[in-house]
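Welcome! Have the sequence and the 3D view open as you read, and take your time finding each part.

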Amino acid sequence: MKKRFWFAPQDVSLPIRLTRNRIYIFPTVYGILFLLVLLGMLIGSINYNNNLGFLLVFLLGSMALVSIIYTWRNLLGLNILSVTASPVFAGETAVFDVVTRSDTLQRNSIGFAFKKEAHCFETVFAKNPTTVKVTAKTKRRGLHLPGKLTIFTRFPIGLFRAWSKLNIETSVVVYPKPIPGPLHLADGVGTNSGKKEIQTAGVDDFKGLRQYRPGDAIQHIAWKSLGRCQGLFTKQFANEISRSVIVDYTMVRADDKEKKISRLTDMVIQADRMKIAYGLKLPGKYLQPDKGHRHRHNCLKTLALSDAED
Amino acid sequence: MLRIELSVRDQDKYLPHIIFAIIIAILPHLGRLPLWIIIWCAAMWGYLLFSLRFQWPRPNRAVLILFSVFGIFGLLITYGMRIGPNAYLGLLSIMAALKPFEISTHRDRMISLFLAYFIVITSLFQSESLFITIYMFLSVFVTTGALILINDTTATFKSGLRLSGIIMAQAIPLMAVLFILFPRIQGSIFGLSGMPDATTGFSERLSPGNISRLVKNNDIVFRAEFEKNIPGANHLYWRGIVFHEFDGRSWHRSNRIPGIRYFPTGQSPVTYTIALEPHGKRWLFTLDRPASTPKWSRMYMDYTLRHLRPVNRKKYYCITSYLQPYKGRLWDIAPAQQLPAKGNPKSRKLAGDLAGNADSVEQLINQTIFYLKTNGFVYTLEPPLLNRNPIDDFLFRSKKGYCEHYASAFAFLMRAAGVPARIVGGYLGGEVNPFGNYLIVRQSDAHVWVEVWSEVSGWMRVDPTYAVAPKRITGGTSETLTKEFSGSLFVKWFKQLRFGWDAVSTSWEAWFSGYSYLEQRALIERLGIRMKSLKGLLTVFSLICGTIFLTVGLYVFFQLRAPATKKDRVQICYEKFCKKLKKIGHPRLSNQGPVDFAGYIAQKRPDLKPDVYEIIRLYVQLRYQKSHDTSMVKHFCKQVKAFNPW
């Protein structure tokens, strides 16, 4: 069994409850300053035999001691239920939804932060799950692991800080950063028909309704039929079906692989915005033309995780 | 929509509370701060608070530095190089006035509140009165409340204060134990002791104006608690300092009086305890002739007591005095006979005349008193100025004066007549506190009188002021000088209240300030622990540690365990459900999970199947799918309650 250092963060799987052995506590800078001042006062009181000085030293000291329990109790028993984040583009800040719950008491001013990231304070009310937005900056595409999540508190008087470091297995998909440019597409029917540029999606003819499939664009849902209690239907347009395109890696001209992927990312976004069915072709990978949010995510995730070579 | 809080910048949210905490901390010091610092603080804080309201601009860093320089310059002018508690307090106040300008970061806010704590600390080294003790708790309470506010994003000042109060209440038992058990030492570590700034009181020189200045001062000099009855008013002459040397204008204490070798003995001893307020000088006050010396003090041949060090903290001493006239041994009476060779010729002549008509010292005294009584002398606190021969001028021209003038003239006449005489400075009488059977002696009771030596009686006390203003002796100064304004019920009530408070605070202080090495040792030895041995010290040490752990442990036990072990409602309801089934003969086996159990019940009692399945479905959802819906919990419990297997 691997021996673990005392302060080392622990690999944990969610949900987790912060128990005694996961919580550390130490004076803050102010706490140390405070204790030094108390020590000085104690020496002064001894020297002058000043009983009121003694009384104040012991009052403040006892209050600091009691505050340790408050600080500790503020973290003890806090549940971390889940840590998830929606995908972001490279360079953007990912926002992790940390869902916490307290079974017993309200926990004031609990700080959450990933390593070397900005922290935020949140109060976790008793009994109800509270979602805390914890940010992490992303740099490059791929699967971003935010690292250790530090949960800390300096409540109530800021002299002591209790913390718990958790190595949570969570990640966020970081899409490649799009590089804007023209939309080069290969026709979905025949790949050899050459490049063509599409300016607009145009006004399409309404063709009919079909059963709703998850991922269909919200604009195309037939709300009227939903109102008539007939269930969810999606409107279909004449040229949507006919026109399907392929976003192809080999057809993009760019200096290097990363730029190519960035360009492809931009094209996927554009195609999605135009609401045309598009497929994605990468070396050794092919996604059938489709549309909708799920398809967009699949394409962008594929691009994010791609390790394609020329 | 006028009430939108646009004006409060986020960082300024805490500004009023921080300023409030500092003001509370500084309030008891107002009397000790020079006026310009008070105005300075008020101006800074006023500007800040108004700038919050009206969006006034804030000074930038350079201006603040300039202000600090001005402030320190002002301190240098006010205090010079006298680095004492007052200068320290002044510095803290100036910092506390400027610091709130810069509280944009958490660090600044913490430091600002630490400043408030520092100011609380400084008040302690000035006074240990009950008032200051209670005020200290108030101040710590407010400052900690503000500290909670700035450390807890969701707190309001009210909730901060509430939590501060709770923490303080929980800390007090521990504080009390530490206070009692923390080992005290005798004396001081560094040999340093506090230096209060020159307080009012006697000086070593008696010159016109000394006493009349004191009479207007109502500060308490000491309290005296008698073991038995309080002696009559004609005995309550509290001797402090004896003036032997006369230079023609003023009287001085002599440095050449030797220390006493034999303590006096006599009849009618009176035992009393004096709680002397710090006065920064060395003398201690006693009635006539003390029979012993308190600790750290020395007695002189003129029966004055001097402390070895200036009295800078409250001093308690218990002493026995003899009040009977002293037949006394003859010691060097030379210092009580000295007179300047020249000056005051008329008085010298008067003394000669009086002495010529008298056969004994007693007769001379009576004649002199008679002379003062009959020649139109007036007792006043605002006498005219006297010329180069002050005794002559007083006796033959102005005839207006107060105790100092009468004592001075009387002693001069005695010496000029060849009788040894000396002036004694101290306090006369005091106010009896009906709640505490003790006397409160104030600066306004300051008095000087004369002691005359005769071969027959030894040193006799003569109070020439009595001849002119008898009420001064029996009724105190205020009665003699101003019309007593009483009668009003409120005044009486207020006086009662004041006496009551003084009684409570005096007995508190007597215990509290007096608690030191000896008291601690006595207390601990009463508990059966010998402080002198290593074992005893270890016992005390482990007692302290034990109390800390016990307090913390108890707290953790009661505060943390109780809610943590509380079962949640879902579990309670589920157990209720199982209990119902157990009653009809189908207990849940320990190895049966909820789903297995439901199947088992369905097999045994098909009639219950739909109800059981529904309950188990809800339970599984609540328990294992971590559903947090409270309405669902309610629904589940309702189902269990309605479930009837009979």
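Which helix of chain B has the lowest confidence, and which has the highest?

## How far to trust the model

This is a predicted model, so confidence is a good place to begin. In chain B, the lowest confidence is found in helix α14 (residues 470-481), with a mean pLDDT of 53. The highest is in helix α6 (residues 130-151) of chain B, at 91. Chain B has a mean pLDDT of 80, and 85% of its residues reach 70 or more.

Two stretches of chain B call for care. Residues 191-199 of chain B stay under 50 in pLDDT, and the model gives them 20 contacts beyond four places in sequence. Residues 562-566 of chain B are also below 50, with 4 contacts in the model beyond near neighbours in sequence. Where pLDDT is low, the predicted coordinates should not be read in detail. For the complex, the predictor gives an ipTM of 0.74 and a pTM of 0.63.

## Chain A

Now turn to chain A, which has 310 residues, 36% of them buried. Chain A holds 6 helices and 20 strands. Take its contacts between residues at least 6 apart in sequence: 67% of these join residues at least 24 apart.

Strand β13 (residues 172-175) of chain A is a good one to find in the viewer. It pairs with strand β5 (residues 88-89) of chain A in the parallel sense, over 2 bridges, and here Phe89(A) stands opposite Tyr175(A). Strand β10 (residues 142-144) of chain A also joins β13(A), running antiparallel to it with 3 bridges. In that pairing, Gly142(A) stands opposite Val174(A).

## Where the chains meet

How many residues does each chain bring to the contact? Chain A gives 40 residues and chain B gives 50. On the side of chain A that touches chain B, the elements giving two or more residues are α1 (29-48), α2 (51-75), β7 (107-114) and β8 (120-124) of chain A. The largest share comes from α2(A), with 16 residues. By type, the residues on this side of chain A are 23 nonpolar, 14 polar and 3 charged.

## Two open sheets in chain B

Chain B has an open sheet of 3 strands in the order β6-β9-β8, with antiparallel pairing. Why do β6 (283-284) and β8 (297-299) of chain B each have one side without a neighbour in the sheet? Both stand at the edges with a single partner strand, so one side of each is left free of a neighbour there. Strand β8(B) is joined to strand β9 (residues 305-307) of chain B by 3 bridges, and Ser297(B) stands opposite His307(B).

Another open sheet has 6 strands, ordered β7-β10-β5-β2-β15-β14 in chain B, again with antiparallel pairing. Its edge strands are β7 (289-290) and β14 (431-433) of chain B; each has a single partner, so one side of each lacks a neighbour in the sheet. Further in, look for strand β2 (residues 220-226) of chain B, which 5 bridges join to strand β15 (residues 438-442) of chain B. There, Ile220(B) has Arg442(B) as its bridge partner.

## A helix with little cover

Is helix α3 (residues 61-79) of chain B well covered or hardly covered? It is hardly covered: of the 19 residues in α3(B), the count of buried ones is 1. From first C-alpha to last, α3(B) reaches 27 Å, close to the 27 Å expected at 1.5 Å a residue. After α3(B) comes Gly80(B), which has a positive phi near 60°.

Definitions and conventions:
Residues numbered from 1 in each chain as written. Chains lettered and ligands numbered in written order. Predicted model: local features only at pLDDT ≥ 70, side-chain atom pairs only at ≥ 80, totals over all residues. Helix = DSSP H or I, 4+ residues; strand = E, 2+ residues; numbered from the N terminus. Buried ≥ 20, exposed ≤ 12 C-beta atoms within 10 Å, placed from the backbone. Contact = placed C-beta atoms within 7 Å. pLDDT = per-residue confidence, 0-100. Nonpolar A, V, L, I, M, F, W, Y, C, P; charged D, E, K, R; others polar. Pairing = 2+ DSSP bridges. Expected span 1.5 Å × (residues − 1).
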